[in-house]
Amino acid sequence: MAKKKGKGAKGGQSRDDAAWARTDVIEREHMHNERMEKYYKAQNILPEEEWDQFLETMRNPLPTTFRVAGSRQAARLLNDTIKDVHVPHLGGVVFEGEAVSPPQQIPWYPEGLAWQFNVAKKVLRKSPEFKKFHSFLVFETEVGNISRQEAVSMLPPLFLEVEPHHRVMDMCAAPGSKTAQLLEALHAHDTITSSSIPSGLLIANDSDYKRTHLLIHQSARLPSPALMVTNLDASIFPAIKIPSEQTTFPSSTKARVAAKRQYQLLFDRILCDVPCSGDGTLRKNPGIWKHWSPMDGNGLHSLQLRILQRAMRMLKKGGRIVYSTCSINPVENEAVVAAALKSIPGFELVDMSNHLPGLVHRPGLTSWKPTVTREINTEFATYQDYIQSLDESQRGSSKMLESHWPSSPEAENLHLSRCLRIYPHLQDTGGFFIAILQKKPPVKGPAATSKDPSDGKRTADAVEGLDRPDVKKAKLDSEGEAGKAQDADVDQADDAEEELPEEALEEPAPSMDVDQAAPAAAAEPKIRFKKGKTAEGASAHFKENPYTFIAPNDPIIKACVENFDLSSNFPSSNLLVRNPVGDTVRSLYMVNDIVKSVVQHNDYARIRLMTCGTKVFGKQEGTEAKREGGETHFRVLSEGLPVVLPYIGPKAIIHADFAALKIFMESYYPLTSGFPESFQSMINAKANGSYVVRFQPGQIEGTTLAHELVLPIWKSNVSVMLMLDKRAKSAMSMRIFGEDITTAAREAAAKKKQKSEATPDAQVDTPILEDENAGITVEEVEAVAVGNTA
């Protein structure tokens, strides 16, 4: 979403952040841009009486917003803690003579799981009440239970209405906040302690190689066997093959269709949160005031259109696409939607204006005036008027497309007013645009081919230079017209068949040349590099490890089944490794059936598959695991425990009380002799290895554990260890005990005290909760990438 256009712009700023204080960025009295104000007044985006309020709000920094993340039941519990424990303590706080408002729930977010507060950093650092609350938020954010996310960024997944059986794609996914929301919807049936295995699928894609790793890190906070992460240009995303899921066909089905064994994977839901100029993010990226240019939106229009068109061709009948930007420019919004609807028949805009009660928004525009120069020349009512004004020698090099202009006679039929526009002054947010498209049943008869000049096959370098305002018009590859014809052939067929052409049945070579398997995108990304350079930090050749499924009778699998007493319905055939042949197996990943099918029927290098599924078992590398004959031990991983817990039998489960949990929290390696007799006798009777402990609800020293906790441990000869990292333990301690009682916290406090005594005048900074986009550079979002900064 947030595509920063302006050097030094940084996301996630608080009201008194350095970015607002630095004179080399911008001072408040200089937050004006004559061209921007002239351009948007010409678009009539708002009534005249709202204009001053709109601009004044744009000059104010954004309030802090966050979302309670994770599985639905766990999120409700944490949200209750915020609402019933923390917020009451923040009511009535006075700092330096002024009352400070406590956090408020965002009125339109379902179940009140999103919050907003407007507090200066000095309050967070010096007010005891807010300092404690802020520490709680920081810890929970680090372990993934809180998502520091701009309010409008939370909207697109809510309009998709994802269900656990849906096949979903997030086309421009990094850094992953919206991907996390989509995963949560897929896992709607999860419980507090265990995870479901949804039958659906989520492919999270981003073209920026480096940022896919950030995406993987973010999504790992909600481990899912249904997740795949790919690294491709969304505008030319290749067709993905799956075997036929249909065994019987109507009598009218063509014989060649019934004989097909592989089909194209089509999606129920697709999110297109596309790269944009980002002027809706002025409140957190004040540098845009200096650098805003209308040519940014003009240059991105073609790329945005191609991404949306590609999504439309990968959608099932009755499926839904949400197209969104953090721009308020109609050239990037309504113009893109209108051009896509006209180029590909069978789609309509859906009216979801009442979907989120409490959300204040405005309807989409039905007319606008593109500017043909950076000086805001909006005098040309149509593309034809503009072209006619140019000399014939200039027309071929024009950067403007016909789709930049509205098509007046067709605007009413397109129902562009069904789009949603979010303006900052309406509910103290950023600016945002959302359009919801649905695929109708196909119209009988010849399908219309795309007439838009931006449609067709593109290579990655066709959009080179997106960081420059004067982007050259992308040119079609020589095969472009053939690509459009191929798309037309597919559109003419009933897409319920999901039929791939004959060439697709052949196993593709592991190269990055033309993707003959894709009926919708005539070419796969052709990775072209300038001399001595690679694209977005990726190697010229895909170097990720391969994916290999392990047979259920493999000794490693059999040992895990035995050690963890796994039930007979455990999906042991869905475990894979990511090791080069001959290397030692260190981790086992679990995927669901549809992910397994995709991995087995597609070259992982061709679809640039970065990761899939979730780690469930890991090799124990410590010396404890190597004793007693050198037998290899695998432990259940904390991130994978919710997935495998429903299959773990009583042999691998130990029950403990709340007092035992406190001992685990207070020490790295507590001795078994230090536990209460009941737990001590149980653990001493067990062989060394990995186990799962169910800590029962209870009360100790005025602290209550309200629900069962299920955690992994490792048992050694005389000690046990809770298998959580330091930050996760600290976050859990803060949540349960109201303070960090871990060894790591005591060591950190001692170190801080020692430093303070050594340098009495030094100030120790408190880490500030930042937006997930903080620190993302302009260059990371402006290159050829079809990436997204949420």
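Which strands form the open sheet with mixed pairing, and in what order? Load the model and let's find out. It is a predicted model, where local features need pLDDT of at least 70, side-chain atom pairs count only at pLDDT 80 or more, and totals for chains, interfaces and linings use all residues. Residues are numbered from 1 along each chain as its sequence is written, and side-chain values use heavy atoms, leaving out hydrogens and water.

**Stop 1: the mixed sheet**

Select β24, β25, β28 and β29: that is the order of the four strands in this open sheet. Strands here are DSSP runs (E, at least two residues) and helices are too (H or I, at least four residues), numbered from the N terminus. Two strands pair if DSSP finds at least two bridges between them. At the edges you'll see β24 (653-656) and β29 (720-722), each with a single partner strand, so one side of each has no neighbour in the sheet. From one strand to the next, the twist averages 35°.

Now zoom in on β25 (residues 689-695) and β28 (residues 709-715), an antiparallel pair with seven bridges. Look for Arg 694, which stands opposite Val 710 in β28. Add helix α24 (residues 677-684), which packs on the sheet and touches β24, β25, β28 and β29. Its direction makes about 165° with that of β24; axes are lines fitted to C-alpha atoms (for helices, over the stretch in contact), and angles run from 0 to 180 degrees between N-to-C directions.

**Stop 2: the antiparallel sheet**

Next, pick the open sheet β4-β5-β1-β6, whose four strands pair antiparallel. β4 (104-105) and β6 (146-148) are the edge strands, pairing on one side only. Between β1 (residues 64-68) and β6 there are three bridges; Val 68 has Ile 146 as its bridge partner in β6. Helix α4 (residues 72-90) lies across β1, β4, β5 (114-117) and β6, at about 135° to β1. Show α6 as well: α6 lies across β1, β5 and β6, at about 100° to β6.

**Stop 3: where two helices cross**

Keep α6 (residues 128-142) and add α25 (residues 726-737): their axes come within 9 Å and cross at roughly 135°. On the α6 side, contact residues (heavy atoms within 4.5 Å) include Phe 136 and Phe 139, with Met 734 and Arg 735 among those of α25.

**Stop 4: a loop residue**

Finally, click Thr 429, in the loop between α17 (424-427) and β17 (432-439). Buried or exposed? Thr 429 is buried (under 20% relative accessible area, 1.4 Å probe, protein chains only), at 5%. Leaving aside neighbours within four places in sequence, its contacts include Leu 62, Arg 283 and Tyr 423.

Terms used
Buried < 20%, exposed > 50% of the residue type's maximum accessible area, 1.4 Å probe, protein only.
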